[in-house]
Amino acid sequence: MEAFGLAFQALLDIQNILYLCIGVGAGIVLGAIPGLSASMAIAIIIPFTFVLPPVASLIMMMGAYKGGIYGGSIAAILLNAPGTAAAVATVKDGHALARQGRGLKALKVSLFASAIGDTFSDIVLILSAAQLARIALEFGPIEFTVIAVASLTLVASLSGKSLVKGLIGAAFGILVAFIGLDPISGLPRLTFGNADFYGGIGLVPMLIGLLPMAEVLIRLEQTQEAKGAFLPKPRAPSDSKVTLSDWQRMTKPIAAGSIVGTIVGIIPGMGPTIGAVVGYDNAKKLSKNREEFGKGSVEGIAGAESGNNAVSGANLIPLLGLGIPGDSEAVILIGAFLIHGLTPGPMIFRENPEVVYGLYGGLLAANLLLIVFALILLPQFVKLSRIRTARILPVVMILATMGAYNYQQSFFDVVVAFVFCGVGYLMHKIEAPRATIMIGFILAPILENNFRRSMLITDNDWTAFISSPIGNFLWLLAIASVAYSVIVHTRKRR
Amino acid sequence: MVEPAVPTQRTSLLNPDVLSAIAVLGGTLALLLLVFPSQIPVSGGDGLEALLPTMVCLFIAFLSVIWLASSIRAAMKAGYSDACKTGELKVGAVDPWRQKRLLVTTACYAVMVSFVGYVIASAILITTFSWILGERSKRAIFVLAIVFPLALNAFLARVLNIRFTDIDNFLAGLS
């Protein structure tokens, strides 16, 4: 209860509310525009939040993230064009409803299901992250080394079609993180005598290159604009509203989707796509009207959206509790922490508790603001979904380029962003998940620092890594996730 | 959305997957044999500076061998072009130079900012970019190219106190 009280206190600052409003509004706008996603929106916004206090900055970005996810649903439902993989489950039934003249109903169902799923997972986050952090404070460098390795295998095995490509991406990210001065001895590694490399590769320029810039390149290949089909007008008032009967049908899918999405979000590597798909499947199993699924089922949208959004709050549990990012959105948030000199992980509850509780308050308030903004401004947001690619891509490129420059007021970071733009584009072409590079990059310092400390403490005794009970449990988890991925992949081939 | 037709030609062994695996393997071995000896210190600290980078490189090399083997096996089994598996949706003829032109335009933008300033460079970029992408509405281009950079610059400078471009810093970075 104390956590909720402290979270509420953070919201008493009118400045925080203002930045949250800006974040949610910007997120919905950017998410609704075809070609952009919530991750891209935050990656672009991050460099411009340097000047804000840490709490305001994090709140604004969480608001942008939540707004962006909902904005993506607008494009998915109205244009049959999911901006993210997670919106695919919503598209089928959402667009079908839109073609029946019930587009506003679909958008409102999506809105309420998203907000409820998100709020549920935020409450779980508030109640459990501190407990996990308390346990994690008992861990030593050996346990953290094993956690880092286990997280890498988990993320790599669950985040793409190919385990091998996922692992290569993660390993490449680790290698990139080694560029710069060695954290313990201070000796330069892979710097080629260039002083620009001494500080290492910046996370933010790398993110900007891998996400918005690479996405612009990828979009340039699509010659066909996402065009809105002719959408008929509503025939009755109930076509634009969520009626009591809709609410009765939505309750079970939202409840199931929220729980499932939260569980999915806690496990690193799962991501909102799995939350959405499992939420949708559960909704279908629980429904008495299964024949409606795929043809405009309110329950389908509710299950998918609550499952999808419940992942976002739960994703912060391993991030705040252990300092481990679960997917690309969490990596971007780590970037937000790092630019303010904060390190997510168990120590943040001791060193900067006001940031954590401010974040909690922002998360809860963002869900409420999302409902308010969307209900009032939905018709205007709908128009955004018709913006042409030719008009938005150059703007994204400009914002991304200048965001990279603004990170450290350095031209070097712009070059880094361009290089990773190329890397991200190539990874897309070979169907390798880009998120694994970012996760490997973030986990590398955790892995190396704790590994080297372990070796120092145990006098280079490698058997120490299999002597800890917690460590052994995590090794089993890592082996199980790799084995599971291999089995699933082998079955698909047959 | 239009699904591409499935052509009937046999897959070449030198398809993108195989070539990428070879490139990664070659790059990793080059890194290990040519770059690491001079760029990774082996003494001076706790002696472990080189350990993890070397292990990671060896791991990548090992994985790329597996990738290469599975890509070759998949290419020999498959009966249609690998290009269709990516699920790319293409309608009509794609201008192969469009991406390159736009990338060059963006790279020029990053350099131009230091000479002509953010607003003018952004105006040039947006105009060029939009035109290449097929935007022909002069009003839309005017709003995007002139109004947007001015408005953004004013908002960031006055509200968030961010100076978007410092010409001296840009020039120092280039030299």
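**Exercise 1. Burial in chain B**

Is Leu152(B) buried or exposed? Place the residue in its helix, then treat Thr28(B) in the same manner.

*Solution.* The model is predicted. Step one is location: Leu152(B) lies in helix α5 of chain B, which covers residues 138-158. Step two is accessibility. The relative accessible area of Leu152(B) is 14%, and buried means under 20%, so Leu152(B) is buried. Step three concerns distance along the chain: Leu152(B) and Ala140(B) are 12 residues apart, and their C-alpha atoms are separated by 16 Å.

Thr28(B) belongs to helix α1 of chain B, residues 16-39. Its relative accessibility is 6%, so Thr28(B) counts as buried. Setting aside residues up to four places away in sequence, Thr28(B) touches Cys57(B), Ile60(B) and Ala61(B).

**Exercise 2. Overall form of chain A**

Describe the secondary structure, dimensions and burial of chain A.

*Solution.* Start with the elements: chain A has 20 helices and two strands. Next, take the radius of gyration, which is 22 Å. The globule rule gives 23 Å for 494 residues; the two values are close, so chain A is as compact as a globular protein of that length. Along the principal axes, the C-alpha atoms fill a box of roughly 75 × 55 × 45 Å.

Then turn to burial and contacts. Of the 494 residues in chain A, 63% are buried. Among contacts between residues at least 6 apart in sequence, 80% join residues at least 24 apart.

**Exercise 3. Packing of α2(A) on α4(A)**

Classify the packing of helices α2 and α4 of chain A, and give the make-up of their contact.

*Solution.* The helices are α2(A), residues 14-32, and α4(A), residues 54-79. Their axes are 6 Å apart and form an angle of about 30°. Angles under 35 degrees count as roughly parallel, so α2(A) is roughly parallel to α4(A). The crossing of α2(A) past α4(A) is right-handed.

For the contact, list residues from each side. In α2(A) they include Asn16(A), Tyr19(A), Gly23(A), Gly27(A) and Gly31(A). In α4(A) they include Ile59(A), Gly63(A), Gly67(A), Gly71(A) and Ala75(A). By class, the contact of α2(A) with α4(A) holds 13 nonpolar, nine polar and no charged residues. Gly counts as polar in this scheme.

**Exercise 4. Packing of α9(A) on α19(A)**

Repeat the analysis for helices α9 and α19 of chain A.

*Solution.* Helix α9(A), residues 203-219, packs with α19(A) at an angle of about 170°, and the axes are 11 Å apart. Angles over 145 degrees count as roughly antiparallel; α9(A) and α19(A) are therefore roughly antiparallel to each other.

From α9(A), the residues in contact are Leu203(A), Met206(A), Leu207(A), Leu210(A) and Leu211(A). They meet Ile437(A), Met438(A), Phe441(A) and Ile442(A) of α19(A). This contact has nine nonpolar, no polar and no charged residues.

**Exercise 5. Two polar residues in helices of chain A**

Which residues does Asn367(A) touch, beyond those up to four places away in sequence? Work out its setting, and then that of Thr90(A).

*Solution.* Asn367(A) sits in helix α16 of chain A, residues 353-384. Its relative accessible area is 2%, so Asn367(A) is buried. With residues up to four places away not counted, Asn367(A) touches Lys66(A), Ala115(A), Asp118(A), Thr119(A) and Asp122(A). Asn367(A) and Leu476(A) are 109 residues apart in sequence, and 37 Å apart from C-alpha to C-alpha.

Thr90(A) is in helix α5 of chain A, residues 88-99. A relative accessible area of 0% makes Thr90(A) buried. Apart from neighbours within four places in sequence, Thr90(A) contacts Ile77(A), His95(A), Ile301(A), Ala304(A) and Glu305(A).

**Exercise 6. Positive phi in loops**

Where does Glu431(A) lie? Give its backbone angle and accessibility, and do likewise for Asn460(A).

*Solution.* Glu431(A) lies in the loop between α18 (411-429) and α19 (435-457) of chain A. Glu431(A) is not a glycine, yet its phi is positive, about 55°. At a relative accessible area of 29%, Glu431(A) is partly exposed.

Asn460(A) lies in the loop between α19 and α20 (469-493) of chain A. Asn460(A) is not a glycine either, and its phi is positive at about 60°. With 47% relative accessibility, Asn460(A) counts as partly exposed.

Conventions
Residues numbered from 1 in each chain as written. Chains lettered and ligands numbered in written order. Predicted model: local features only at pLDDT ≥ 70, side-chain atom pairs only at ≥ 80, totals over all residues. Heavy atoms only, no water. Axes fitted to C-alpha atoms, helices over the stretch in contact; angles between N-to-C directions. Helix = DSSP H or I, 4+ residues; strand = E, 2+ residues; numbered from the N terminus. Parallel < 35°, antiparallel > 145°, perpendicular 65-115°, else oblique. Left-handed = near helix turned anticlockwise from the far one by under 90°. Contact = heavy atoms within 4.5 Å. Buried < 20%, exposed > 50% of the residue type's maximum accessible area, 1.4 Å probe, protein only. Rg over C-alpha atoms; globule rule 2.2 N^0.38 Å.
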